[in-house]
Amino acid sequence: MTDVAMLARLLAQAEEEGAGLVTLRALIEEASEAGASRALERLGLSDASARNDISALRELLKAWRDAKISTRNAVLAWVMRIVLALLVVAMAARLGLTELLKP
């Protein structure tokens, strides 16, 4: 029996019985299941390979985040090296050590 058919049957039963608590809970559960199935189908994730697709997307996203972090760290390391090199050159100029380098 399909989710939609089950939902229709439960709705008819709720009307006949005056909607008991158990019937309403079953109605809610079936409606939720039908809605979730419909949403997954609209997203293209209702087939058997959807689990693998989601896993691949998660791995790709993790790799992207790792690459961003690595790039940021590399840029910061180079900026620090340049700043330190400029600081050393400035200190050498301030202390007059550049005179020693002239031929």
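Biologist: Why do you say that D66 and K62 are separated by about one helical turn?

Modeller: This is a predicted model, and in it D66 and K62 sit four residues apart in helix α3, so about one helical turn lies between them.

Biologist: What makes the pair of D66 and K62 a salt bridge?

Modeller: The closest N and O atoms of D66 and K62 are 3.1 Å apart. The cut-off is a Lys or Arg side-chain nitrogen within 4 Å of an Asp or Glu carboxyl oxygen, so the pair qualifies. As a rule, side chains of opposite charge can pair when their charged atoms come close.

Biologist: How many salt bridges does a search of the whole structure find?

Modeller: Just one.

Biologist: How do you know whether K62 is buried or exposed?

Modeller: K62 has a relative accessible area of 51%. Exposed means over 50%, so K62 is exposed.

Biologist: And why does D66 get the label partly exposed?

Modeller: D66 comes in at 37% relative accessible area. Partly exposed covers values between 20% and 50%, so that label fits D66.

Biologist: What about L10, buried or exposed?

Modeller: L10, in helix α1 (residues 3-17), has a relative accessible area of 10%. Buried means under 20%, so L10 counts as buried. L10 and A31 lie 21 residues apart in sequence, with their C-alpha atoms 9.8 Å apart in space.

Biologist: How much of the chain is buried?

Modeller: Buried residues are 7% of the 103 residues.

Biologist: What is the secondary structure of the chain?

Modeller: Three helices and zero strands, in the order α-α-α along the sequence.

Biologist: How do you know whether the chain is spread out or a compact globule?

Modeller: Its radius of gyration is 33 Å, and the globule rule gives 13 Å for 103 residues, so the chain is more spread out than a compact globule. Along the principal axes, the C-alpha atoms fill a box of roughly 105 × 30 × 15 Å.

Biologist: What does the chain put on its surface?

Modeller: About 8900 Å² is exposed, with 65% of it from carbon and sulfur atoms. There's also a nonpolar surface patch made of M80, L84, L87, M91, L95 and L97, with about 600 Å² of accessible area together.

Biologist: Why is M91 called partly exposed?

Modeller: M91, in helix α3 (residues 50-95), has 46% relative accessibility, so it falls short of the 50% that exposed residues must pass and counts as partly exposed.

Biologist: And where do the charges sit, how far apart are their mean positions?

Modeller: The 13 positive and 13 negative charges have mean positions 20 Å apart.

Notes
Residues are numbered from 1 along each chain as its sequence is written. This is a predicted model: local features need pLDDT of at least 70, side-chain atom pairs count only at pLDDT 80 or more; totals for chains, interfaces and linings use all residues. Side-chain values use heavy atoms; hydrogens and water are left out. Patches are made of residues with over 30% relative accessible area and no salt bridge: like charges are joined within 9 Å, nonpolar side chains (Val, Leu, Ile, Met, Phe, Trp, Tyr) within 5 Å. Accessible areas come from the Shrake-Rupley method with a 1.4 Å probe; for residues, only the protein chains shown count as cover. Helices (H or I, at least four residues) and strands (E, at least two) are DSSP runs, numbered from the N terminus. Buried means under 20% relative accessible area, exposed over 50%, partly exposed in between (1.4 Å probe, protein chains only). The radius of gyration is taken over C-alpha atoms; the globule rule is 2.2 Å times the number of residues to the power 0.38. Lys and Arg count as positive and Asp and Glu as negative; His and the chain ends are not counted. The place of a charge is taken as NZ of Lys, CZ of Arg, CG of Asp or CD of Glu.
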